Amino acid sequence: MRLIDYTLLLDALRDICPSLKLNEPMSSHTTFRVGGVAAMTVAPESIDELVSILTLHKEIAPSLPLCVLGKGSNVLFDDEGYDGLVIFTSELQNVSFSKPDEQDVTTITAECGVSLTLLARQCVAENRALRGLEFAFGIPGSIGGAVVMNAGAYGGEMSDVVFSVDYYDPAIEAVCTAEADALRFSYRHSLFSEHPDYVVLRATLVMAQDDRELIISEMSKNMTSRRLKQPLELPNAGSVFKRPEGHFAGKLIEDSGLKGYTIGGASVSEKHAGFIVNNGNATASDIKALIEHVRHVVKFNYGIELECEIKMISSN
(Lines give C-alpha, C1' and ligand atoms only; values in the text may rest on other atoms or scores of the structure.)
Protein backbone atom coordinates (compact mmCIF):
# COMPACT_ATOMS: atom_id res chain seq x y z
CA MET A 1 0.00 0.00 0.00
CA ARG A 2 1.32 3.41 -0.94
CA LEU A 3 1.15 5.63 2.14
CA ILE A 4 0.23 8.71 0.09
CA ASP A 5 -2.78 6.89 -1.46
CA TYR A 6 -3.90 5.73 1.97
CA THR A 7 -3.59 9.24 3.46
CA LEU A 8 -5.38 10.98 0.60
CA LEU A 9 -8.28 8.52 0.62
CA LEU A 10 -8.51 8.63 4.42
CA ASP A 11 -8.80 12.43 4.35
CA ALA A 12 -11.50 12.29 1.64
CA LEU A 13 -13.52 9.62 3.44
CA ARG A 14 -13.45 11.54 6.71
CA ASP A 15 -15.43 14.29 4.98
CA ILE A 16 -18.31 12.06 3.84
CA CYS A 17 -18.33 8.90 6.01
CA PRO A 18 -19.23 9.20 9.70
CA SER A 19 -18.92 5.41 9.88
CA LEU A 20 -15.20 5.44 9.01
CA LYS A 21 -13.10 3.22 11.29
CA LEU A 22 -9.42 2.32 11.37
CA ASN A 23 -7.91 -1.07 12.24
CA GLU A 24 -11.24 -2.88 12.50
CA PRO A 25 -10.98 -6.64 13.28
CA MET A 26 -12.51 -8.65 10.47
CA SER A 27 -13.16 -11.52 12.87
CA SER A 28 -16.09 -9.42 14.11
CA HIS A 29 -17.63 -9.19 10.65
CA THR A 30 -17.32 -12.69 9.19
CA THR A 31 -19.15 -15.90 10.00
CA PHE A 32 -15.87 -17.83 10.36
CA ARG A 33 -14.95 -15.39 13.18
CA VAL A 34 -11.33 -15.21 12.04
CA GLY A 35 -9.15 -12.65 10.25
CA GLY A 36 -6.89 -9.75 11.14
CA VAL A 37 -7.67 -6.05 11.09
CA ALA A 38 -8.64 -3.98 8.05
CA ALA A 39 -6.79 -0.70 7.63
CA MET A 40 -10.01 1.23 6.90
CA THR A 41 -13.70 0.32 6.98
CA VAL A 42 -16.85 2.25 6.13
CA ALA A 43 -20.57 1.42 6.22
CA PRO A 44 -22.37 3.73 3.77
CA GLU A 45 -25.94 4.65 4.68
CA SER A 46 -27.24 4.95 1.12
CA ILE A 47 -26.50 3.73 -2.39
CA ASP A 48 -25.45 7.26 -3.32
CA GLU A 49 -22.91 7.27 -0.49
CA LEU A 50 -21.62 3.87 -1.59
CA VAL A 51 -21.17 5.13 -5.16
CA SER A 52 -19.36 8.24 -3.86
CA ILE A 53 -16.95 6.06 -1.86
CA LEU A 54 -16.29 3.81 -4.85
CA THR A 55 -15.68 6.85 -7.05
CA LEU A 56 -13.28 8.38 -4.53
CA HIS A 57 -11.38 5.12 -4.34
CA LYS A 58 -11.07 4.94 -8.14
CA GLU A 59 -9.98 8.58 -8.49
CA ILE A 60 -7.71 8.93 -5.44
CA ALA A 61 -6.29 5.51 -4.60
CA PRO A 62 -7.08 2.89 -7.27
CA SER A 63 -4.09 0.79 -6.20
CA LEU A 64 -5.36 0.49 -2.63
CA PRO A 65 -7.00 -2.94 -2.06
CA LEU A 66 -10.80 -2.75 -1.94
CA CYS A 67 -13.34 -5.24 -0.62
CA VAL A 68 -17.13 -4.84 -0.54
CA LEU A 69 -18.58 -7.10 2.14
CA GLY A 70 -22.16 -8.15 2.87
CA LYS A 71 -22.85 -10.61 5.68
CA GLY A 72 -19.31 -12.04 5.59
CA SER A 73 -20.70 -15.54 5.19
CA ASN A 74 -18.67 -16.86 2.27
CA VAL A 75 -15.27 -15.26 2.86
CA LEU A 76 -11.99 -15.87 4.66
CA PHE A 77 -9.73 -12.94 5.58
CA ASP A 78 -6.03 -13.49 6.23
CA ASP A 79 -4.71 -13.49 9.79
CA GLU A 80 -2.35 -10.71 8.72
CA GLY A 81 -5.32 -8.46 8.04
CA TYR A 82 -6.36 -6.40 5.06
CA ASP A 83 -4.15 -3.52 4.03
CA GLY A 84 -6.91 -1.58 2.30
CA LEU A 85 -10.53 -0.41 2.42
CA VAL A 86 -13.45 -2.65 3.38
CA ILE A 87 -16.95 -1.37 2.60
CA PHE A 88 -19.76 -2.95 4.63
CA THR A 89 -23.19 -2.98 2.97
CA SER A 90 -25.00 -3.70 6.25
CA GLU A 91 -26.82 -0.33 6.29
CA LEU A 92 -28.21 -0.72 2.76
CA GLN A 93 -31.49 -2.37 3.70
CA ASN A 94 -34.18 -0.73 1.54
CA VAL A 95 -36.75 -3.06 -0.02
CA SER A 96 -39.81 -2.16 -2.08
CA PHE A 97 -42.65 -4.33 -3.41
CA SER A 98 -44.80 -3.36 -6.38
CA LYS A 99 -48.48 -4.12 -6.55
CA PRO A 100 -49.18 -7.44 -8.34
CA ASP A 101 -49.81 -7.00 -12.07
CA GLU A 102 -52.59 -8.65 -14.06
CA GLN A 103 -50.60 -11.95 -14.03
CA ASP A 104 -50.22 -11.72 -10.22
CA VAL A 105 -46.49 -10.99 -10.61
CA THR A 106 -44.78 -8.68 -8.11
CA THR A 107 -41.57 -6.76 -8.70
CA ILE A 108 -39.21 -6.45 -5.73
CA THR A 109 -36.28 -4.04 -5.52
CA ALA A 110 -33.74 -4.83 -2.80
CA GLU A 111 -30.50 -3.06 -1.96
CA CYS A 112 -27.31 -5.10 -1.82
CA GLY A 113 -27.15 -5.30 1.98
CA VAL A 114 -30.58 -6.85 2.46
CA SER A 115 -30.55 -10.20 4.25
CA LEU A 116 -31.65 -13.14 2.10
CA THR A 117 -33.48 -14.71 5.03
CA LEU A 118 -35.23 -11.45 5.89
CA LEU A 119 -36.33 -10.94 2.28
CA ALA A 120 -37.66 -14.49 2.08
CA ARG A 121 -39.66 -13.81 5.25
CA GLN A 122 -41.00 -10.52 3.84
CA CYS A 123 -42.28 -12.40 0.80
CA VAL A 124 -44.88 -14.07 3.01
CA ALA A 125 -45.53 -11.12 5.34
CA GLU A 126 -48.32 -8.54 5.19
CA ASN A 127 -50.66 -10.86 3.24
CA ARG A 128 -48.06 -11.51 0.55
CA ALA A 129 -47.56 -15.00 -0.87
CA LEU A 130 -44.63 -14.71 -3.26
CA ARG A 131 -42.94 -17.89 -4.45
CA GLY A 132 -39.26 -18.03 -5.41
CA LEU A 133 -37.05 -17.44 -2.36
CA GLU A 134 -38.01 -20.46 -0.24
CA PHE A 135 -34.55 -21.92 -0.90
CA ALA A 136 -32.93 -18.82 0.58
CA PHE A 137 -34.62 -18.97 3.97
CA GLY A 138 -31.81 -19.57 6.46
CA ILE A 139 -28.93 -18.66 4.15
CA PRO A 140 -26.80 -16.18 6.15
CA GLY A 141 -25.98 -13.95 3.20
CA SER A 142 -27.00 -10.68 1.55
CA ILE A 143 -28.64 -9.96 -1.78
CA GLY A 144 -25.40 -8.57 -3.19
CA GLY A 145 -23.34 -11.62 -2.38
CA ALA A 146 -26.13 -13.97 -3.44
CA VAL A 147 -26.33 -12.36 -6.88
CA VAL A 148 -22.55 -12.46 -7.36
CA MET A 149 -22.33 -16.21 -6.69
CA ASN A 150 -25.82 -17.14 -7.91
CA ALA A 151 -26.53 -18.61 -4.49
CA GLY A 152 -28.78 -21.62 -4.39
CA ALA A 153 -30.06 -24.54 -2.33
CA TYR A 154 -32.90 -27.07 -2.27
CA GLY A 155 -33.50 -26.86 -6.00
CA GLY A 156 -33.65 -23.06 -6.27
CA GLU A 157 -31.15 -20.32 -7.06
CA MET A 158 -31.03 -16.57 -7.55
CA SER A 159 -31.16 -16.81 -11.33
CA ASP A 160 -34.74 -18.11 -10.96
CA VAL A 161 -35.98 -14.76 -9.66
CA VAL A 162 -33.51 -12.02 -10.68
CA PHE A 163 -34.83 -9.72 -13.40
CA SER A 164 -32.05 -7.12 -13.41
CA VAL A 165 -29.13 -5.79 -11.36
CA ASP A 166 -27.80 -2.26 -10.92
CA TYR A 167 -24.04 -2.21 -10.43
CA TYR A 168 -21.11 0.20 -10.32
CA ASP A 169 -18.45 -0.13 -13.02
CA PRO A 170 -15.23 1.57 -11.81
CA ALA A 171 -13.70 1.57 -15.29
CA ILE A 172 -16.25 4.16 -16.44
CA GLU A 173 -17.19 5.42 -12.95
CA ALA A 174 -20.88 4.87 -13.67
CA VAL A 175 -23.91 2.96 -12.45
CA CYS A 176 -25.03 0.39 -15.03
CA THR A 177 -27.94 -2.03 -15.32
CA ALA A 178 -27.77 -5.61 -16.58
CA GLU A 179 -30.91 -7.62 -17.26
CA ALA A 180 -31.17 -11.35 -16.67
CA ASP A 181 -29.96 -12.46 -20.10
CA ALA A 182 -26.75 -10.43 -19.64
CA LEU A 183 -26.00 -11.68 -16.13
CA ARG A 184 -24.41 -14.93 -17.35
CA PHE A 185 -25.85 -16.99 -14.54
CA SER A 186 -24.74 -20.60 -14.15
CA TYR A 187 -23.87 -22.82 -11.19
CA ARG A 188 -22.29 -20.53 -8.54
CA HIS A 189 -21.38 -18.08 -11.31
CA SER A 190 -22.51 -14.74 -12.72
CA LEU A 191 -21.32 -11.74 -14.71
CA PHE A 192 -19.83 -10.49 -11.43
CA SER A 193 -17.68 -13.58 -11.06
CA GLU A 194 -16.09 -12.60 -14.36
CA HIS A 195 -15.79 -8.92 -13.38
CA PRO A 196 -14.90 -8.82 -9.66
CA ASP A 197 -14.33 -5.06 -9.93
CA TYR A 198 -18.07 -4.53 -10.55
CA VAL A 199 -20.03 -3.78 -7.37
CA VAL A 200 -23.66 -4.89 -7.06
CA LEU A 201 -25.82 -2.02 -5.75
CA ARG A 202 -29.36 -3.41 -5.91
CA ALA A 203 -31.30 -6.21 -7.53
CA THR A 204 -34.77 -6.31 -9.05
CA LEU A 205 -36.60 -9.61 -8.60
CA VAL A 206 -39.86 -10.85 -10.10
CA MET A 207 -42.00 -13.32 -8.19
CA ALA A 208 -45.50 -14.72 -8.63
CA GLN A 209 -48.25 -15.24 -6.06
CA ASP A 210 -48.86 -18.77 -4.82
CA ASP A 211 -50.39 -20.60 -1.87
CA ARG A 212 -49.09 -18.82 1.24
CA GLU A 213 -49.29 -21.80 3.60
CA LEU A 214 -47.50 -23.99 1.07
CA ILE A 215 -44.65 -21.46 0.74
CA ILE A 216 -44.32 -21.11 4.53
CA SER A 217 -44.32 -24.89 4.90
CA GLU A 218 -41.52 -25.23 2.35
CA MET A 219 -39.46 -22.51 4.08
CA SER A 220 -39.94 -24.25 7.42
CA LYS A 221 -38.91 -27.60 5.95
CA ASN A 222 -35.75 -26.10 4.46
CA MET A 223 -34.84 -24.42 7.75
CA THR A 224 -35.41 -27.66 9.68
CA SER A 225 -33.16 -29.49 7.22
CA ARG A 226 -30.43 -26.90 7.71
CA ARG A 227 -30.59 -27.21 11.49
CA LEU A 228 -30.42 -31.00 11.31
CA LYS A 229 -27.71 -31.33 8.67
CA GLN A 230 -25.52 -28.23 8.99
CA PRO A 231 -23.22 -27.17 11.86
CA LEU A 232 -25.09 -23.96 12.63
CA GLU A 233 -23.93 -24.10 16.25
CA LEU A 234 -20.29 -23.37 15.29
CA PRO A 235 -18.73 -20.54 13.24
CA ASN A 236 -18.46 -21.55 9.59
CA ALA A 237 -18.73 -20.04 6.12
CA GLY A 238 -21.23 -22.39 4.53
CA SER A 239 -20.32 -25.04 1.98
CA VAL A 240 -16.58 -24.90 1.42
CA PHE A 241 -16.46 -26.52 -2.01
CA LYS A 242 -18.50 -26.33 -5.19
CA ARG A 243 -20.33 -29.47 -6.22
CA PRO A 244 -18.12 -31.48 -8.60
CA GLU A 245 -19.99 -32.64 -11.69
CA GLY A 246 -21.63 -35.96 -10.96
CA HIS A 247 -20.60 -35.98 -7.30
CA PHE A 248 -21.22 -34.32 -3.94
CA ALA A 249 -18.24 -32.72 -2.22
CA GLY A 250 -19.45 -33.66 1.26
CA LYS A 251 -19.76 -37.35 0.38
CA LEU A 252 -16.30 -37.44 -1.23
CA ILE A 253 -14.83 -35.87 1.90
CA GLU A 254 -16.75 -38.18 4.25
CA ASP A 255 -15.84 -41.26 2.22
CA SER A 256 -12.20 -40.17 2.50
CA GLY A 257 -12.49 -40.53 6.27
CA LEU A 258 -12.05 -36.81 6.89
CA LYS A 259 -15.10 -36.07 9.06
CA GLY A 260 -13.75 -34.53 12.24
CA TYR A 261 -10.23 -34.10 10.84
CA THR A 262 -8.65 -31.17 12.64
CA ILE A 263 -5.83 -28.72 12.04
CA GLY A 264 -5.29 -26.25 14.86
CA GLY A 265 -8.70 -24.89 15.82
CA ALA A 266 -10.42 -25.83 12.55
CA SER A 267 -12.22 -29.11 11.82
CA VAL A 268 -14.16 -30.81 9.07
CA SER A 269 -17.67 -30.82 10.53
CA GLU A 270 -18.85 -34.06 12.12
CA LYS A 271 -22.38 -33.13 11.06
CA HIS A 272 -21.70 -32.34 7.38
CA ALA A 273 -18.32 -33.00 5.79
CA GLY A 274 -18.86 -30.21 3.25
CA PHE A 275 -18.42 -27.66 6.05
CA ILE A 276 -15.33 -26.55 7.97
CA VAL A 277 -15.96 -25.19 11.45
CA ASN A 278 -14.08 -22.95 13.85
CA ASN A 279 -13.95 -24.79 17.16
CA GLY A 280 -13.35 -21.51 18.98
CA ASN A 281 -9.67 -20.81 18.49
CA ALA A 282 -9.09 -21.34 14.78
CA THR A 283 -6.98 -19.03 12.67
CA ALA A 284 -7.38 -18.31 8.98
CA SER A 285 -4.14 -20.23 8.45
CA ASP A 286 -5.67 -23.30 10.16
CA ILE A 287 -8.70 -23.14 7.88
CA LYS A 288 -6.61 -22.66 4.72
CA ALA A 289 -4.36 -25.59 5.66
CA LEU A 290 -7.40 -27.78 6.29
CA ILE A 291 -8.96 -26.81 2.96
CA GLU A 292 -5.76 -27.74 1.13
CA HIS A 293 -5.47 -31.03 3.03
CA VAL A 294 -9.04 -31.99 2.11
CA ARG A 295 -8.44 -31.10 -1.53
CA HIS A 296 -5.24 -33.14 -1.59
CA VAL A 297 -6.82 -36.25 -0.02
CA VAL A 298 -9.90 -36.18 -2.28
CA LYS A 299 -7.71 -35.70 -5.35
CA PHE A 300 -5.50 -38.62 -4.26
CA ASN A 301 -8.47 -40.90 -3.55
CA TYR A 302 -10.78 -40.05 -6.44
CA GLY A 303 -8.83 -37.96 -8.93
CA ILE A 304 -11.33 -35.14 -8.42
CA GLU A 305 -10.15 -31.57 -7.96
CA LEU A 306 -12.41 -29.83 -5.44
CA GLU A 307 -12.97 -26.16 -6.25
CA CYS A 308 -13.21 -23.85 -3.25
CA GLU A 309 -16.44 -21.88 -3.03
CA ILE A 310 -15.19 -19.58 -0.27
CA LYS A 311 -13.56 -16.33 -1.36
CA MET A 312 -10.07 -15.88 0.08
CA ILE A 313 -9.37 -12.22 0.84
CA SER A 314 -5.92 -10.78 1.29
CA SER A 315 -4.12 -7.56 0.40
CA ASN A 316 -1.76 -9.33 -2.01
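## A walk through the model

Let's start at a turn: in the hairpin made by strand 11 and strand 12, four residues sit between the strands, and one of them to look for is Glu173, which takes a positive phi near 50°. Keep in mind as you look around that this is a predicted model. The two strands of the hairpin, strand 11 (residues 162–169) and strand 12 (residues 174–179), run antiparallel and are joined by six bridges. To find your way along them, look for Asp166, which stands opposite Thr177 in strand 12.

Carry on past strand 12 and you come to the loop that leads to helix 5 (191–194), where Ala182 lies. Is Ala182 buried or partly exposed? With a relative accessibility of 35%, Ala182 counts as partly exposed. Asn150 is 32 residues away from Ala182 along the chain, and the C-alpha atoms of the two are separated by 14 Å.

Now go back towards the start of the chain, to an open sheet. Four strands form this sheet, in the order 1-2-5-3, and their pairing is mixed. At the edges are strand 1 (21–25) and strand 3 (66–69), each of which pairs on one side only. On average, and with direction ignored, neighbouring strands here are turned by 40° against each other. As a bit of background, strands of a sheet pair through backbone hydrogen bonds, and they can do so either parallel or antiparallel.

You can see what "mixed" looks like by checking the pairs. Strand 1 and strand 2 (residues 37–42) run antiparallel, with four bridges joining them, and Leu22 stands opposite Met40 in strand 2. Strand 3 and strand 5, on the other hand, run parallel, also with four bridges. There, Leu66 stands opposite Leu85 in strand 5.

Stay with strand 3 for a moment and follow its side chains. In a regular strand, side chains alternate between the two faces of the sheet. Strand 3 shows this alternation: Cys67 and Leu69 point to one face and are buried, while Leu66 and Val68 point to the other and are not.

Next, the helices that go with this sheet. Helix 1 (residues 3–16) lies across strand 1, strand 2 and strand 5 (82–88), and runs at about 35° to strand 2. Helix 2 (residues 47–60) packs on the sheet too, touching strand 2, strand 3 and strand 5, and its direction makes about 155° with that of strand 5.

Each helix has 14 residues. Helix 1 reaches 21 Å from its first C-alpha to its last, close to the expected 20 Å, and helix 2 reaches 20 Å, close to the 20 Å expected. Which residues of helix 1 are buried? They are Asp5, Tyr6, Leu9, Leu10, Ala12 and Leu13. The buried residues of helix 1 pack against strand 1, strand 2, helix 2 and strand 5. In helix 2, the buried residues include Ile47, Leu50, Val51, Ile53 and Leu54, along with Glu49 and His57.

That brings us to the inside of the model. In soluble globular proteins, nonpolar side chains tend to be buried together. Here the largest nonpolar core has 64 residues, and Leu13, Leu133 and Met158 touch the most other members. Leaving aside neighbours within four places in sequence, Leu133 is in contact with Leu119, Ala120, Cys123, Met158, Val161, Leu205 and Met207. Apart from this core lies another, of 25 residues, including Ala237, Ala249, Leu252 and Ala284.

What about the cysteines? The count of disulfides comes to zero. Cys67, which we met on strand 3, is in no disulfide: the nearest cysteine sulfur, that of Cys112, is 12 Å away. Cys67 is buried, with a relative accessible area of 4%. Cys123 is in no disulfide either, and its nearest cysteine sulfur, again that of Cys112, is 18 Å away. At 1% relative accessibility, Cys123 counts as buried.

One more stop, further along the chain. Three strands form an open sheet in the order 14-15-16, with antiparallel pairing. Strand 14 (262–263) and strand 16 (276–278) are the edge strands, and each pairs on one side only. Strand 15 (residues 266–268) is joined to strand 16 by three bridges, and Val268 has Ile276 as its bridge partner there. Helix 8 (residues 284–302) packs on this sheet, touching strand 14, strand 15 and strand 16, and its direction makes about 30° with that of strand 15.

Notes: Residues numbered from 1 in each chain as written. Predicted model: local features only at pLDDT ≥ 70, side-chain atom pairs only at ≥ 80, totals over all residues. Heavy atoms only, no water. Pairing = 2+ DSSP bridges. Axes fitted to C-alpha atoms, helices over the stretch in contact; angles between N-to-C directions. Contact = heavy atoms within 4.5 Å. Disulfide = S-S within 2.5 Å. Buried < 20%, exposed > 50% of the residue type's maximum accessible area, 1.4 Å probe, protein only. Core = buried A, V, L, I, M, F, W, Y, C linked by side-chain atoms within 4.5 Å. Expected span 1.5 Å × (residues − 1).
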